[in-house]
Amino acid sequence: MTRIDRLDSELLKRLNLNARAGVAELAGQLGISRNTVVARLQRLEDLGILKGYQPVIDLEAAGLPVQAFVGLELDQRQLAQVITALGEIPEVLEVTTQAGREDLLVKVAAATLTQLQQAVGRMIAIRGVRHSNTTMSISTPMPYRVQPLLDHLTSEAGWGRSTALPG
């Protein structure tokens, strides 16, 4: 069941392009009232779809050109403790659970290869980590995105209750 419609998707697209856009600006771009923008944003937040407004950080420009994905195989009884311990390693950007040989996929960034190696060393020293497999990231030709999927999902969902589609 679709939880968003095309208007929601367009609103999210505009926020992805400029998270600093104000309500009046968004309303003008979409041809809707400011109250509709406020109500839609509140609804998206209440549903947990819109989790926040964050700057996009260029890690390389910030002095962290070395990025990698570290797969960790665990004693699964130690999962919670391992995740807590990973959260204490500053180089860890994100941790996801996965199916397959490795139980966790850890995205990391560092200034140098030596610092990456040290971070991985701290990971494998965590009680419950059995094995690691590091894959270096060379470039990101397609950064994280959701808008094409949202556009596809809402392509036939309508544009709200009473507002015509923009021309």
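Me: Why are α2 and α3 called roughly perpendicular to each other?

Reply: Good place to start! In this predicted model, the axes of α2 and α3 cross at roughly 105°. Angles from 65 to 115 degrees count as roughly perpendicular, so α2 and α3 get that name. Their axes also come within 8 Å.

Me: Which residues make the contact of α2 and α3?

Reply: From α2 come Val-23, Ala-24, Leu-26 and Ala-27, and α3 brings Arg-34, Val-37 and Val-38. By class, that contact has 6 nonpolar, no polar and 1 charged residues.

Me: What makes α1 and α2 oblique to each other?

Reply: Try the same reasoning here. The axes of helix α1 (residues 6-17) and helix α2 (residues 23-30) cross at roughly 125°. Roughly perpendicular runs from 65 to 115, and roughly antiparallel needs an angle over 145. The value for α1 and α2 fits neither range, and they are therefore oblique. Their axes come within 11 Å, and the crossing is right-handed.

Me: Where do α1 and α2 meet?

Reply: On the α1 side you can look for Leu-7, Glu-10, Leu-11, Arg-14 and Leu-15. Their partners in α2 are Leu-26, Gln-29 and Leu-30. Sorted by class, the contact has 5 nonpolar, 1 polar and 2 charged residues.

Me: Why are α1 and α3 roughly perpendicular to each other?

Reply: Helix α3 (residues 34-46) packs against α1 at an angle of about 90°. The range for roughly perpendicular is 65 to 115 degrees, so the description suits α1 and α3. Their axes are 11 Å apart.

Me: Which residues make the contact between α1 and α3?

Reply: Leu-7, Asp-8, Leu-11, Leu-12 and Leu-15 belong to α1. The α3 side has Thr-36, Val-37, Arg-40, Leu-41, Arg-43 and Leu-44. These residues divide into 7 nonpolar, 1 polar and 3 charged.

Me: Now to the pocket. What volume does the largest pocket have, and which residues are closest to its centre?

Reply: Its volume is about 1900 Å³. The lining has 39 residues, and the closest to the centre are Asn-16, Pro-55, Val-56, Tyr-144 and Arg-145.

Me: Which elements give two or more residues to the lining of the largest pocket, and which gives the most?

Reply: You will find α1 again, along with β1 (66-74), β2 (92-97) and α6 (147-153). The most comes from α6, with 4 residues.

Me: How do the lining residues of the largest pocket divide by class?

Reply: There are 22 nonpolar, 9 polar and 8 charged residues in that lining.

Terms used:
Residues numbered from 1 in each chain as written. Predicted model: local features only at pLDDT ≥ 70, side-chain atom pairs only at ≥ 80, totals over all residues. Heavy atoms only, no water. Axes fitted to C-alpha atoms, helices over the stretch in contact; angles between N-to-C directions. Parallel < 35°, antiparallel > 145°, perpendicular 65-115°, else oblique. Left-handed = near helix turned anticlockwise from the far one by under 90°. Contact = heavy atoms within 4.5 Å. Nonpolar A, V, L, I, M, F, W, Y, C, P; charged D, E, K, R; others polar. 1 Å grid on protein atoms, 1.4 Å probe; cavity = no way out; pocket = protein on both sides within 12 Å on 5 of 7 lines; lining within 4 Å. Points joined across faces, edges and corners; volume = space filled by probe spheres on them.
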